[in-house]
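Colleague: Could you walk me through one part of this model in detail? I'd like a close look at a single sheet and whatever packs on it, with a bit of context around it.

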Amino acid sequence: MSRTSGATPDSRTALRVCPLCEATCGLTLTIEGTRVTGARGDRDDVFSKGFICPKGASFGAADGDPDRLRTPLVRTDGELREATWQEAFDAIAAGLGPIVEQYGPHALGIVLGNPNVHTMAGALYPPVLLSALRTHSVFTASTLDQMPKHVSSGLLYGDANAIPVPDLDHTDHLLLIGANPLESNGSLCTAPDFPGKLKALRARGGTLTVIDPRTTRTAKLADRHVTIRPGTDALLLAAMTYVLFEEKLVDLRDLAPHVQDVEELATAVRDFTPEAASEACDVDADTIRELAAAPTAAVYGRIGSCTVPHGTLASWLVDVLNILTGNLDRPGGALFPQAATDKTPRPAGPGRGFALGRWHSRVSRHPEAKGELPLAALAEEIDTATHEGSPVRALIAIAANPVLSAPDGNRLDKALDSLDFMVSVDPYLNETARHADVVLPPPPPSQSAHHDFAFNTLAVRNQVRYNRPAVPLEPGRMAETEILARLVLAATGMHGADPSAVDAMVIDSTLGKAVQDPHGPVHERDPKELATRLTGESGPERRLDMMLRLGPYGEGFGARPDGLSLEKLLAHPHGIDLGPLRPRLPQPLKTRSGKIELLQAPIVDDLPRLRAALRERPAAIVLVGRRHLRSNNSWMHNVPALTGGTNRCTLHIHPEDAARLGLADGTAVRVKGAGGEVVAPAEVTDTVRRGVVSLPHGWGHDRPGTRMSHAALDPGVNVNQLLDGSLLDPLSGTAVLNGVPVELAACP
């Protein structure tokens, strides 16, 4: 920390990695007293090198939002009232225990929202909670976003978290499908200054191809933009795969020893000719052949290709194209990152593989994926009785607002109100938290330590950074790590125990397993002695130190003296660069064969559904989502600096469709879907193709009982109310949010 030039005498600076999107840019905060008054890019950050976006620049406004809750709320006589932390955890223990005891563990549901992956606490404690509760009623934002990528990676590589990312700094040809990184800053591909990396690609003579039904900011930057019909991504990719086989363009190169089922795959895609796919995709057959024959070095697909009826197949085919062209695990292609806190790499060889459907949801019998059930099924799991098991009667929601993020928020709204007991961990009293019996508010980001456990596993360059809190914890607040540790204790019958016991338990368990690993750095050593060598000011820091020491770059408790530890990381406040992505196969593979398994049974079983889509007649108007650079999750609409201007909840519609329907700019339009209807102002624009309309997500801040004053001034509409939750990708349980048929009419 240091003084800032020209600032007030009590001002100083502090470093902080931004937690507001997946880019994880380094910030330099200006702090006056205990208030963050400014933020700029950290030029010395080893990863972001000074890049900053509007969200990062607004860190202080988001951090100091006056609507953030400062004390727990406990429901008394039907009203949420301020309470002490002791009262809050007493209420949780008294409310959850009897329900689990009477109805069993699956009667307690857990909902984890997207912000969990942006905090240390969200990464460290929910896994402990889930392990202790042993409930099958687990729902997360993944089934509204990236679960198809987890499932396809699990089937291909045996590990649902082994997700290759494009080597942006070295590729010479990048194909993006369903991705708009100039607005999202990247997703499942952690890359500060994604726009700069795409511009650098073109500057060095490379080619950028974008496949998207909207003319996004990213599409405008592209050398080629293909306006595909929404929801047909898998058909286009399957036709490209067909062309690779037909024109003998398959070249596995160094991948050949690590891949199986190539010939079987050629047979599986023989019906997906460019001519057959052309009409469904509304992409000329010659264009499909040109896309397949181009010297593509990396294919990258994101949410637009995930949240569609064939999301898992589309995610699988993205990797299939990278594999068949020999561009997986190759510099300039798509590579597997190696995070500093990853487990100690094991020798290459067969693993356990990946399984789907180990259990099913109670009502609609949806199969689990990666231990989760579809979030779209949460309402029916609460409000529907069946002969099998108990409905969900109690719920813990951590950093989640499914009333806005999941389909049919009106039904879920009513279902949440019927619960016997609910806990919400959230800084805001939002559309979901208003139903809770106890609300536990974490402190603002400036008062929390930060390390990116999840995003470093997806980063386009290996690096590691850690920040201690920029300002002291405000009196009366509780650290988010302690909140979640106490929640673990209260929910699992250990209420009253010291919260440090949770961290101690994890450390003892982890070190106990590590010393039994003959391939690890601490084999046959004393776990208790190793625990005494951990450093850190808190249990979470000691856990981070342990993970760094045991990780792939770690010092191994003395086995590799030059390796990483918390002490070494603290000595490098701008982070430590661990080098570019490198080929790692076959080490990441955990399939039963020890190879990339191109054609597992769940994929084979789902291909007939994709073949049937070749003959489906498209709807007249379909809906797609929209992302804005100054937005991310629903809570960001409460920050004045991040709303207004072009960040509005409007219905984008093509001029020809608007003329046909008698709509003008600003006309109130009734949009009707299977789950309900909303009214939004039309914004006539040629940035959407004909037959496509677009509404942004995360809006709809008009429900009573919330405390988000700025968001309520311009509430917008909840786009997910147009969905009834019945449309899912069957392999991953992911809600279909894009390419959804809707009807439009001008309001009188």
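Modeller: Here is a tour of one sheet, followed by a hairpin and the protein as a whole. Keep in mind that this is a predicted model.

Let's start with the strands. Four of them make an open sheet, and reading across it you get β11-β10-β9-β13, with parallel pairing. The edges belong to β11 (224-226) and β13 (298-301): each has a single partner strand, so one side of each is left without a neighbour in the sheet. As for the twist, neighbouring strands are turned by 15 degrees against each other on average, if you ignore direction.

Now zoom in on one pairing. β10 covers residues 207-211, and three bridges link it to β11 in the parallel sense. If you want a spot to click on, try T209, which sits opposite R224 in β11.

Next, the helices that go with this sheet. Helix α8, residues 194-203, lies across β9 (173-177), β10 and β13, and it runs at about 135 degrees to β9. Helix α15, residues 311-324, packs on the sheet too, touching β9 and β13. The direction of α15 makes about 175 degrees with that of β13. So that you can find the shared ground: β9 and β13 are among the strands that α8 lies across, and α15 touches β9 and β13 as well.

For another kind of pairing, go to β2 (residues 26-32) and β3 (residues 35-41). These run antiparallel, and six bridges join them. L27 stands opposite G41 in β3. Together β2 and β3 form a hairpin with two residues between them, and G33 in that turn has a positive phi of about 70 degrees.

Zooming out, what do these pieces belong to? The protein has 26 helices and 29 strands. Its radius of gyration is 25 Å, close to the 27 Å that the globule rule gives for 748 residues, so the protein is as compact as a globular protein of that length. The C-alpha trace spans about 65 × 65 × 65 Å along the principal axes.

A few totals round this off. Buried residues account for 62% of the 748. Among contacts with a separation of 6 or more, 72% come from residues 24 or more positions apart. The protein exposes about 27800 Å², with carbon and sulfur atoms supplying 51% of that area.

Conventions
Residues numbered from 1 in each chain as written. Predicted model: local features only at pLDDT ≥ 70, side-chain atom pairs only at ≥ 80, totals over all residues. Heavy atoms only, no water. Pairing = 2+ DSSP bridges. Helix = DSSP H or I, 4+ residues; strand = E, 2+ residues; numbered from the N terminus. Axes fitted to C-alpha atoms, helices over the stretch in contact; angles between N-to-C directions. Contact = heavy atoms within 4.5 Å. Rg over C-alpha atoms; globule rule 2.2 N^0.38 Å. Buried < 20%, exposed > 50% of the residue type's maximum accessible area, 1.4 Å probe, protein only. Areas by Shrake-Rupley, 256 points an atom, 1.4 Å probe, with all protein chains shown as cover.
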